[in-house]
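Work through the exercises below with the sequence and the coordinates at hand, and compare each of your steps with the solution that follows.

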Amino acid sequence: MLIAGLLMGCALLHAQVQFAPSGMSLEQYEVVGNCDLKVTYALTMVPEPQKRDYVYKDIQVLEVGKEVVKSYSYLLYQQDSTRTALSAKGADAAPQLQQAVLPVEIYRYPKQQQAEVVYRTILDGPIYRYVEPMEQMTWEILTDEKDILGYRCRKAVAAFRGRTYTAWFTMDIPVPYGPYKFGGLPGLILALEDKDVDFTWNCIGIKKEAGSGSLIKKYKWDYTDISRQKLATVVARMYADPVSFIAVSMGAKVTNRTGKSISMLYNPLER
């Protein structure tokens, strides 16, 4: 595999790049449950705390069912869908997503109190997976109230892996979940942000699925099992030196003629 000039455009300007995972096929999957409620969030991420006006934006989807609760990037899903459709027509390539997203899929299994976390590295790099206990967050529920999308919400605060978060949840929808790994409140989380305002989720849509609901799918990709702690080290290394990561993990020949050290801005969600 040869990747020549791939890093040139952004690197020539400021020696910083942003990559997303490449699209994956959605043809093969297993059904892990039915979706009774689909919630959509606009996610804003600040990759460099000293540059507050520079942000990444993603759309995150939360699919809630009795057997499983799934969280994922809708922008990545769109790219995967495009690749799958083009591949079915005989195309060898598909458009590459040109922005950074939160490349994590999370499957929470309430009965087992376990979560399966899938992390997709940049381009065609490895897809990692680990299993951990579902988070048992200790929330302080406050008296503050406000309306979000017509729902009366209460305020709550909790600490999670190096950050302090403020959540707004509604007991009008008595579902104890929210985006990413967040949950444990007596209602659906509609808004969430950390104290530094590096990560902000705002609900932009709620759809209650009729009848048995839509299917919640887990795709049959090639996963590399890893621990959460080791994955954190791998991801930090990937952001610090994406050229070496691509060369080693993908067996690719990478050409960087900028003469500059290339890195990606990195502000980890879990510290």
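**Exercise 1: the contacts of the chain**

Determine what share of the contacts in the protein chain between residues at least 6 apart in sequence joins residues at least 24 apart.

Solution. Counting a contact as heavy atoms within 4.5 Å, one finds that 62% of the contacts between residues at least 6 apart join residues at least 24 apart. The model is predicted, with local features needing pLDDT of at least 70 and side-chain atom pairs counting only at pLDDT 80 or more, while totals for chains, interfaces and linings use all residues. Residues are numbered from 1 along each chain as its sequence is written, and side-chain values use heavy atoms, with hydrogens and water left out.

**Exercise 2: the enclosed space**

Find how many cavities of 30 Å³ or more there are, and describe what lines the largest cavity.

Solution. Take a cavity as a set of points on a 1 Å grid over the protein atoms alone where a 1.4 Å probe fits but cannot get out, lining residues having an atom within 4 Å of a point. The count is then two cavities, and the largest cavity holds about 100 Å³. Its lining has 17 residues, with Phe19, Ala100, Val101, Ile122 and Tyr239 nearest the centre, and the elements giving two or more residues to this lining are β7 (114-120) and α3 (228-240).

**Exercise 3: the second largest cavity**

State the volume of the second largest cavity and name some of its lining residues.

Solution. The volume is about 80 Å³, and the lining includes Lys70, Asp80, Glu105 and Arg120.

Key
1 Å grid on protein atoms, 1.4 Å probe; cavity = no way out; pocket = protein on both sides within 12 Å on 5 of 7 lines; lining within 4 Å. Points joined across faces, edges and corners; volume = space filled by probe spheres on them. Helix = DSSP H or I, 4+ residues; strand = E, 2+ residues; numbered from the N terminus.
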